Amino acid sequence: MATIGVFGAGSWGAALSMVLYGKGHTVFLWSNDPAEADKIRKTRRLMHKLPEISIPDGIRVTNDHREFMDQAEILLVAVPSKYLRSFAESFAGEIRGQSKLVVSATKGLESGSLSTMGEVLESLWCNDASRSVEGVVALSGPSHAEEVARELPTAIVSAHASKNPAKTVQEIFQTPRFRVYTNGDRKGVEIGAALKNIIAIAVGISDGLGFGDNARAALISRGLYELSLAGSAMGAQSETFAGLSALGDLVVTCTSRHSRNRKFGELIAKGYRAEDAEEEVGMVVEGITTVKVIPDIQKKYGLELPISEEVYNIVYEDADPSEAVERLMLRDLKPEIAHPARQGD
């Protein structure tokens, strides 16, 4: 069994801690807030995140990384994407002790650099200052924390370009209720996981406007096309987007009552401003941060991503949701799939 440090005491970090502890690993759950760590230790609850779930007494809750850093074989990162770089920078000189793998469970793309979360961690922790880090594996898929914590069946992906790190994480996390596949396309896994949150916001807006199943299905299918188009342009493998981290996560995030991004979209459709809608959701809505990268992706790669672009316009340019729908429906007519020109055509 392994010693594992989990950075991030939100619902996802707590749920993954429970999976790992249930398998017999030694698990430390870290919060950057001493008061929050103390409250979790005393109550064994995340009242505003997983109110019905009791965190096992054996999971060691702390705000001091020194309690586990030296002996940890796995460092699991589950902090919000907008804080990921500052978090990683603050710990860049603290990664020490025995050799360890880093597992990125954060979904997002960094504005400006367009880096995945795994790439950010790799750039800061896999260098001469942190020689104990063997690599960064992405862990992603359709996995709402509320269901994982209740041990409902879930399937997810462990992704790394090299087989051994992905396989190691697969074996550490695999349980009878938490099935883990491996994938060699970490970049594709992370891009799909990040961009699907934007489409979920679009679906929430559609639902909030009172549109039906037809509109939802159109947004999901055309949204998947946008994910694949952007991912392929950014260097990912197109087939990755038919897997758990893109199609699978897209479906669950666009349809589940647990989805923060979908709920956020519904509130936007009801007239909430973005900051008020996120406050009403009560937890981090990753799609708000991720949608900031859409103009950069479109400009850098010369892509049309109309659904994602309209979500950006609604969230950051105060565009009217009903007018955005009309613009989408009245775009120039074109084939469903734009095939690249074949030689000789």
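Leu114 is buried, with 6% relative accessible area. That residue is a handy way into this predicted model, which also has a second loop residue with an unusual backbone angle and a helix pair worth a look. Here's the quick tour.

**Loop residues with positive phi**

- As a rule, most residues other than glycine have a negative phi.
- Leu114 goes the other way: phi is near 60 degrees, a positive value, and the residue is not a glycine.
- You'll find Leu114 in the loop that runs between strand 5 (100-104) and helix 4 (117-125).
- Arg44 isn't a glycine either, yet has a positive phi of about 55 degrees.
- Look for Arg44 in the loop between helix 2 (34-43) and strand 3 (60-62).
- Arg44 has 11% relative accessibility, so it counts as buried, the cut-off being under 20%.

**Helix 7 against helix 10**

- Helix 7 (residues 186-208) and helix 10 (residues 260-269) have axes that come within 6 Å and cross at roughly 40 degrees.
- That angle is why helix 7 counts as oblique to helix 10.
- As for handedness, the crossing of helix 7 and helix 10 is right-handed.
- On the helix 7 side, the contact is made by Asn197, Ala200, Ile201, Gly204, Ile205, Asp207 and Gly208.
- Helix 10 brings Asn261, Arg262, Phe264, Gly265, Glu266, Ile268 and Ala269 to that contact.
- Sorted by character, the residues of the contact between helix 7 and helix 10 come out as 6 nonpolar, 5 polar and 3 charged.

Conventions. Residues numbered from 1 in each chain as written. Predicted model: local features only at pLDDT ≥ 70, side-chain atom pairs only at ≥ 80, totals over all residues. Heavy atoms only, no water. Axes fitted to C-alpha atoms, helices over the stretch in contact; angles between N-to-C directions. Helix = DSSP H or I, 4+ residues; strand = E, 2+ residues; numbered from the N terminus. Parallel < 35°, antiparallel > 145°, perpendicular 65-115°, else oblique. Left-handed = near helix turned anticlockwise from the far one by under 90°. Contact = heavy atoms within 4.5 Å. Nonpolar A, V, L, I, M, F, W, Y, C, P; charged D, E, K, R; others polar. Buried < 20%, exposed > 50% of the residue type's maximum accessible area, 1.4 Å probe, protein only.
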